Amino acid sequence: MALLEINNLEKSYREAGGILRGVSLKVEKGEVVVVLGPSGCGKSTLLRCINGLESIQGGEIYLDGELISNRKKDMHVIRQKVGMVFQSYDLFPHMTVLKNVLLGPVKAQKRNKEEVAKQAESLLERVGLLEKKNAYPRQLSGGQKQRVAIVRALCMNPELLLFDEVTAALDPEMVREVLDVMMDLAKEGRTMLIVTHQMEFAKAVADRIVFIDDGIIVEENTPEEFFSSPKTERAKKFLEAFKF
């Protein structure tokens, strides 16, 4: 059984029409799937639907065999199993790094604060930020904030990690430090669904590439096949912009 299974997902907005049109996708446990496509094609909307931030108009989403789509009453429980990292960090500015990381596990999961603090410090050390645990977000660079956001997601012990253009708001020199953390997560067998425009990173980290255009999956393939010999003309045109 796939860890994540999406069947015929439909998402539309009154003013924009169909954003996702019959999307079906499976992600196996331990698999890294990278979603590529032009701006506005529905990539980020797909992640937001999985995490319950957007309601859907049709289809179903299953996590580990359990239906999770349109479950408004207990979506907070589902979100504990699905960690999501956004491009905008979303750290609380009035709280230290450590308190930002502790908030979810302690308040939402009711876990022991001392136990979570040990895990948080271990994860912060892993991403090179233990010395910043008492700093405030305003004292961090963009790359450091994004690494804290990743630690915050990891500290919830999620089954699935979603990454939505996490390097898009970063200066070029800060991108590598965030991508290195994500590469390490992939190597340790984390299940990840990643939306990115970083083509070299996608090529290196993905087990599978999913290419979306105009709300539908146009092509799925291994990164080697997708980047060297895409099957569709639309994918070929997309890759030409990146000089592959």
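Modeller: Let's start with touching: two residues are in contact when heavy atoms lie within 4.5 Å. This is a predicted model, where local features need pLDDT of at least 70 and side-chain atom pairs count only at 80 or more, while totals for chains, interfaces and linings use all residues. Residues are numbered from 1 along each chain as its sequence is written, and side-chain values use heavy atoms, leaving out hydrogens and water.

Biologist: OK, which residues does Met 182 touch, leaving out those up to four places away in sequence?

Modeller: Met 182 has Ile 150, Phe 163, Val 166, Met 192, Ile 194, Phe 201 and Val 205 as contacts.

Biologist: Let's follow Val 166. Is Val 166 buried or exposed?

Modeller: Buried means under 20% relative accessible area, exposed over 50%, and partly exposed in between (1.4 Å probe, protein chains only). Val 166 has just 4%, so it counts as buried. Look for Val 166 in the loop between β7 (160-164) and α6 (172-187); helices (H or I, at least four residues) and strands (E, at least two) are DSSP runs, numbered from the N terminus.

Biologist: And what does Val 166 touch, with the same sequence neighbours left out?

Modeller: Val 85, Phe 86, Gln 87, Gln 146, Val 178 and Met 182.

Biologist: Which members of the largest nonpolar core touch the most others?

Modeller: A nonpolar core joins buried Ala, Val, Leu, Ile, Met, Phe, Trp, Tyr and Cys residues through side-chain atoms within 4.5 Å. Here it has 53 residues, and Leu 36, Ile 150, Phe 163, Met 182, Met 192 and Ile 194 touch the most other members. α6 gives the most to this core, nine residues. Another core, of 31 residues, lies apart from it and includes Val 33, Ile 50, Ile 56 and Met 75.
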